[in-house]
Amino acid sequence: GQSRAYLALLRNVREVSASSANVLITGESGTGKELVARAIHFSSPRSQEPFVSVNCMALNPGVLESELFGHEKGSFTGAVAMRRGRFEQASGGTLFLDEVGELTPELQVKLLRVLQERRFERVGGSEEIEVDIRIVAATNKDLMPLVQAGTFREDLYYRINPMTLNLPPLSERVEDIPLIVRDVLNRMGGEGVRCTESAMNALMRYPWPGNIRELRNVLIRALSLCQDNQITLTDLPSELRQQAVAESA
């Protein structure tokens, strides 16, 4: 990207990377929060240590607790061996907690204890395990209303966001779309594929509620449909074609 919003984001990433403080990344779904988290880690003094990620919304609370903290053999049905959790795996490096606003109150308490004391116990265990870890959390929600409603702990909120980065939606980075299109196509093996002017105009006029993730999915579809290494307007979904026709009328 070369837009003002993107360049400002890069400056903020550089500033945040030099610190050891926890970071909260906010922004709409599909704006690339995990990519920014990785950029922070690999630009930081912890870059040679592990980067470990977990999606707090993808797992039910019981599984997520074991995923985060690990478990001892026999601690529950199916626990046939000791397992190290993500906190242990990330020790010395960075743990990325995606969709942190989805944590249950019980897991919020346990996370807060780890952030305060840098130690925890595996599920079913009694031994305290010390970790040196940086938390980068992400959410597409505004956490403050959740704090005010009592569903997200205020003390945890301030622990995870001494530094905050807000990712701009793709609709505020329209001039970056051609560069993103080229990058996505190259990554998918479409190095020689080009967009016609009408197709690119349609891509730049569409509001992209799903942001870069939605754009990527559209390009995957278009790449499978296009002929002669050229993505045309007819290779794009109907909603993009209809908007392009409406705006040109």
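Which elements do the buried residues of H8 pack against? They pack against strand S8 (194-195), helix H9 (197-205), H10 and strand S9 (230-231). Before we look around further, keep in mind that this is a predicted model, where local features need pLDDT of at least 70 and side-chain atom pairs count only at pLDDT 80 or more, while totals for chains, interfaces and linings use all residues. Residues are numbered from 1 along each chain as its sequence is written, and side-chain values use heavy atoms, with hydrogens and water left out.

**The chain as a whole**

The secondary structure comes to 11 helices and 9 strands; these are DSSP runs numbered from the N terminus, with helices being H or I of at least four residues and strands being E of at least two. The C-alpha trace spans about 70 × 40 × 40 Å along its principal axes. Out of 249 residues, 43% count as buried (buried is under 20% relative accessible area, exposed over 50%, partly exposed in between, with a 1.4 Å probe and protein chains only). As for contacts (heavy atoms within 4.5 Å), take those between residues at least 6 apart in sequence: 70% of them join residues at least 24 apart.

**Helix H8 and what follows**

In H8, the buried residues are Ile 177, Ile 180, Val 181, Val 184 and Leu 185. They sit on the same side of H8, because they cover an arc of only 130 degrees around the axis (the arc is that of the directions from the helix axis to the C-beta atoms). Just after H8 comes Gly 189, with a positive phi of about 85 degrees.

Further along, the loop between H10 and S9 holds Asp 228, and Asn 229 is found in that loop too. Neither Asp 228 nor Asn 229 is a glycine, yet each has a positive phi of about 55 degrees. Asp 228 is exposed, at 75% relative accessible area, and Asn 229 counts as partly exposed at 49%.

**Two pockets**

Now for the open spaces. A pocket is an open set of points on a 1 Å grid over the protein atoms alone, where a 1.4 Å probe fits, with protein on both sides within 12 Å along at least five of seven lines; its lining residues have an atom within 4 Å of a point. Points are joined across faces, edges and corners, and the volume is the space filled by probe spheres set on them.

| Pocket | Volume | Nonpolar lining residues | Polar lining residues | Charged lining residues |
|---|---|---|---|---|
| Largest | about 890 Å³ | 15 | 6 | 10 |
| Second largest | about 160 Å³ | 5 | no polar | 5 |

In these classes, Ala, Val, Leu, Ile, Met, Phe, Trp, Tyr, Cys and Pro are nonpolar, Asp, Glu, Lys and Arg are charged, and the others, Gly among them, are polar.

The largest pocket is lined by 31 residues, and Thr 31, Gly 32, Leu 35, Val 36 and Ile 212 lie nearest its centre. Helices H1 (4-17), H2 (33-42), H8 (177-187) and H10 (211-225) each supply at least two residues of that lining.

The lining of the second largest pocket includes Glu 65, Phe 69, Lys 110 and Arg 113. H5 gives the most to this lining, with 4 residues.

**Cysteines**

A disulfide is a covalent bond between the sulfur atoms of two cysteines. Here the test is a pair of cysteine sulfur atoms within 2.5 Å, and the count comes to 0 disulfides. Cys 226 is in no disulfide, and its nearest cysteine sulfur, that of Cys 195, is 8.6 Å away. Cys 226 is buried, with 14% relative accessible area, and Cys 56 is buried as well, at 3%.
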